[in-house]
Amino acid sequence: MKVTIQNLQQWKGEKRPIVSLTAWDYAIAQLLDSAGVDLILVGDSLGMVALGHSSTLPVTLEEMIHHTKAVCRGVNRALVVCDLPFLTYQRDVSQAIESAGKIIKETNAGAVKLEGGYPAMINTVTRLTEVGIPVMAHVGLTPQSVRILGYKKQGKTPEQQEKIFHQAIALQEAGAFAIVLEHITADLAQKITKELTIPTIGIGAGNSCDGQVLVTSDLLGLSDKLPPFAKPYANLRETILTSVNYFAEDVRNRRFP
Ligand code: KIV
Ligand code: NA
């Protein structure tokens, strides 16, 4: 059975942690889905992970749709959420409806995710939800604002904490069905998780969140640079390099085939 946004809310009530990872193609998506990952995020981190950009800023809506289609072909059970990339939703509500609508119409994603909790974005989440597009919110370190925030931990001062806390409440009231808390203090994430009725999905936000998400290439040891909060559970870079070296050696010595 397909995971629904109602399931996620129910699991929060049951204190059953939500397992989430990112995917950018069919092969990874199929593996994650068969391992029972609940929520598969086609994150705009694919700009770095799959496309070689140095930030998420250059990623286009067409690229997100292209990769989301591939991911959806590999998924039977998980809820697939597609990131709205930089400047495809921030201009105004009508741009957001057009971009999110294109994702929902052209792919089998069940929801979209967008960054930010400032007043205009609250309005956008309300309208998207009203027209029938489920929205996952994302506050704290929002990588599309890297030029302003850098990649530093957020919510270190009481003023910042207050701001992020109220953003999270406003996003829930606007209709967001879940919220990503990225790189904020564990105390703040715990406080938000207690206050909200929608599930919080943490990344670098301590262990009190209702679920955890990681970029899959960080988990697998495929990334060349790791964020401080990532935990590599494997070293696929080494596995791949070793295999390719063996193959190259065999070819050069006419041992393969
Ligand atoms: O793009 C992404 O991978 C994300 C997650 C890190 C939450 O937004
Ligand atoms: Na993202």
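Just after helix H6, Gly132 adopts a positive phi of about 100 degrees. This is a predicted model, and the helix that leads up to this glycine is a good place to start reading it. H6 takes in residues 119-130, twelve in number, and its first and last C-alpha atoms are 17 Å apart, close to the 16 Å expected at 1.5 Å a residue. Within H6, the buried positions are Met121, Thr124, Val125 and Leu128. These residues lie on the same side of H6, because the arc they cover around the axis is only 100 degrees. Such a spacing has a familiar background: an α-helix has 3.6 residues a turn, so residues three or four places apart point the same way. Pro119 and Glu130, on the other side of H6, are exposed. As for what the buried face meets, its residues pack against helix H5 (93-106), strand E5 (135-140) and helix H8.

Helix H9, spanning residues 186-195, can be described in a similar manner. Here Leu188, Ala189, Ile192 and Thr193 are buried. They share one side of H9, since they cover an arc of only 135 degrees around the axis. Lys194 and Glu195 are exposed on the other side of H9. The partners of the buried H9 residues are helix H8 (158-174), strand E6 (178-182) and strand E7 (200-203). Helix H8 thus appears among the packing partners of H6 and among those of H9.

The strands themselves form a closed barrel of eight, in the order E1-E2-E3-E4-E5-E6-E7-E8, with parallel pairing. From one strand to the next, the twist averages 25 degrees. Strand E1 (residues 18-22) and strand E8 (residues 211-214) run parallel and are joined by four bridges. In this pairing, Val19 stands opposite Gln212 in E8. Helix H4 (residues 61-73) packs on the sheet, where it touches E2 and E3, and its direction makes about 170 degrees with that of E3.

Attention can now turn to the annotated positions. An unreviewed UniProt entry lists Asp44, Ser45, Asp83 and Lys113 under "binding site". Although these residues span 70 residues in sequence, no two of their C-alpha atoms are more than 12.5 Å apart, so they gather at one spot. Two of the listed positions deserve a closer look. Asp44 sits in the loop between strand E2 (39-42) and helix H3 (46-49). It counts as buried because it has 31 C-beta neighbours inside 10 Å. Beyond its neighbours within four places in sequence, Asp44 is in contact with Thr56, Val59, Met64, Asp83 and Pro85.

Asp83, for its part, belongs to strand E3 (residues 79-83). With 30 other C-beta atoms within 10 Å, Asp83 is buried. Again leaving aside neighbours within four places in sequence, the contacts of Asp83 are Val42, Gly43, Asp44, Met64 and Lys113. Asp83 therefore touches two of the other listed positions, Asp44 and Lys113.

A contrasting environment is found at Asn207, in the loop between E7 and E8. Asn207 is exposed, as 10 other C-beta atoms lie within 10 Å, and 12 or fewer is the cut-off for that class. Along the chain, Asn207 and Gln190 are 17 residues apart, and their C-alpha atoms are separated by 8.2 Å. Gln190 falls within the range of helix H9, residues 186-195.

Methods
Residues are numbered from 1 along each chain as its sequence is written. Chains are lettered from A and ligands numbered from 1 in the order in which they are written. This is a predicted model: local features need pLDDT of at least 70, side-chain atom pairs count only at pLDDT 80 or more; totals for chains, interfaces and linings use all residues. A residue is buried if 20 or more other C-beta atoms lie within 10 Å of its own, exposed if 12 or fewer, and partly exposed in between; C-beta atoms are placed from the backbone. Helices (H or I, at least four residues) and strands (E, at least two) are DSSP runs, numbered from the N terminus. The arc is that of the directions from the helix axis to the C-beta atoms. Two residues are in contact if their C-beta atoms, placed from the backbone, lie within 7 Å. The expected span of a helix is 1.5 Å times one less than its number of residues. UniProt positions are given in the numbering used here, feature names are shortened, and annotations may be inferred rather than shown by experiment. Two strands pair if DSSP finds at least two bridges between them. Axes are lines fitted to C-alpha atoms, for helices over the stretch in contact, and angles run from 0 to 180 degrees between N-to-C directions.
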